Amino acid sequence: MKEPGACLDPGTYRGRIAPSPTGLLHLGHARTFWIAYARAVAARGVLVLRNEDLDPDRSRREFVEAMLEDLSWLGIRWQEGPDRGGPFAPYTQSERLGLYREAWRKLLREGWIYPCRCSRKELAQAAQAPHEDEGIYPGTCRPTPQSAVAASLPESPAGVNWRFRVPDGEPVEFVDGHFGPQRLVAGRDFGDFLVWRRDDVPAYQLAVVVDDSAMAMTEV
């Protein structure tokens, strides 16, 4: 894996479009991807196309071929992608699993993640409890700060879900290009989220961050 920023001149704009081949593109995709393309052109930068095919049950090769054809028909041009290659290849997520496992190991070693054996039914019931906020993980499997995740670190994430332990009470502040300044508090507005599924598939929240960092994105 190349270091972020390798092969790039300082200040180079890098944007991305990242369709998932789980169906045919629709008008919403066209609008979003055209805006990303227009921004890259205006900045005289690089546009990256990434094939986000981490849904093994719904991703299809024919949808990959269709999305490449449709985007080209719209006039969108990208400089790096699964059909063009580039300095940060591969640009198909199912071919980048080694990078995601490396990130999982790093998070595990540093104590940021923990195994979660809660079923979907259990999580749904917890969300309905009057003392729990809907959509926020109740912390059923979260280890106490004093306890270790495991006596020895597992070699593989497969078999259980893995969650990221958010730093409770820590604010996250950013400026949304449409809605303006935003402020969220960890543990109140969002909770521990999945980074790896029990069927040995990395979650979007982990894969997209790894990819954007490795591909030196400046605009997404």
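This is a short walk through the structure above, from its nonpolar cores to its largest pocket, a strand pair and some salt bridges. Please keep in mind that you are looking at a predicted model.

Let us begin inside. The largest nonpolar core is made of 18 residues. Within this core, the residues with the most contacts are Y100, I113, W162, V195, W196 and L206. Several elements take part: helix α3 (97-109), strand β4 (161-164), strand β7 (193-196) and helix α5 (204-214) each give at least two residues to the core. With 5 residues, α3 makes the largest contribution. If you now look elsewhere in the model, you will find another core, apart from this one, with 15 residues. Its members include F33, Y37, L47 and L71.

Next comes the empty space. Rolling a probe the size of a water molecule over the atoms reveals where such space is left. The largest pocket found in this model has a volume of about 390 Å³. Its lining consists of 18 residues, and the ones nearest the centre of the pocket are L107, F164, F193, Q205 and V209. Some elements will be familiar from the core: α3, β7 and α5 each give two or more residues to the pocket lining, and so does β5 (171-176). Here the largest share belongs to α5, which provides 4 residues. What kinds of residue line this pocket? The lining divides into 15 nonpolar residues, 1 polar residue and 2 charged ones.

Strand β5 deserves a second look, as it has a partner. It runs antiparallel to strand β6 (residues 180-185), and 6 bridges join the two. To see the pairing for yourself, find V175, which stands opposite P181 in β6. The connection from β5 to β6 is a hairpin that passes through 3 residues.

Finally, let us turn to charge. Side chains of opposite charge can pair when their charged atoms come close. In this structure there are 16 salt bridges. A good one to start with is the pair R14 and E80, whose closest N and O atoms are 2.8 Å apart. The two residues come from distant parts of the chain, 66 residues apart: R14 is in strand β1 (residues 14-17), while E80 is in the loop between α2 (61-74) and α3. Are these partners buried or exposed? Both R14 and E80 are buried.

Another salt bridge brings us back to helix α5. Here D212 pairs with R16, with 2.9 Å between the closest N and O atoms. Because D212 lies in α5 and R16 in strand β1, this pair ties together parts that are 196 residues apart in sequence. Both of these residues are buried as well.

D212 also forms a salt bridge with R50, where the closest N and O atoms are 3.1 Å apart. R50 sits in the loop between β2 (46-49) and α2, and D212 in helix α5, so this pair ties together parts 162 residues apart in sequence. R50 has a relative accessible area of 0% and is therefore buried. D212, at 16% relative accessibility, also counts as buried, because the cut-off is under 20%. Through shared partners, salt bridges join R16, R50, E52, R96, D211 and D212 into one network.

Technical notes:
Residues numbered from 1 in each chain as written. Predicted model: local features only at pLDDT ≥ 70, side-chain atom pairs only at ≥ 80, totals over all residues. Heavy atoms only, no water. Core = buried A, V, L, I, M, F, W, Y, C linked by side-chain atoms within 4.5 Å. Buried < 20%, exposed > 50% of the residue type's maximum accessible area, 1.4 Å probe, protein only. 1 Å grid on protein atoms, 1.4 Å probe; cavity = no way out; pocket = protein on both sides within 12 Å on 5 of 7 lines; lining within 4 Å. Points joined across faces, edges and corners; volume = space filled by probe spheres on them. Nonpolar A, V, L, I, M, F, W, Y, C, P; charged D, E, K, R; others polar. Pairing = 2+ DSSP bridges. Salt bridge = Lys/Arg side-chain N within 4 Å of Asp/Glu carboxyl O.
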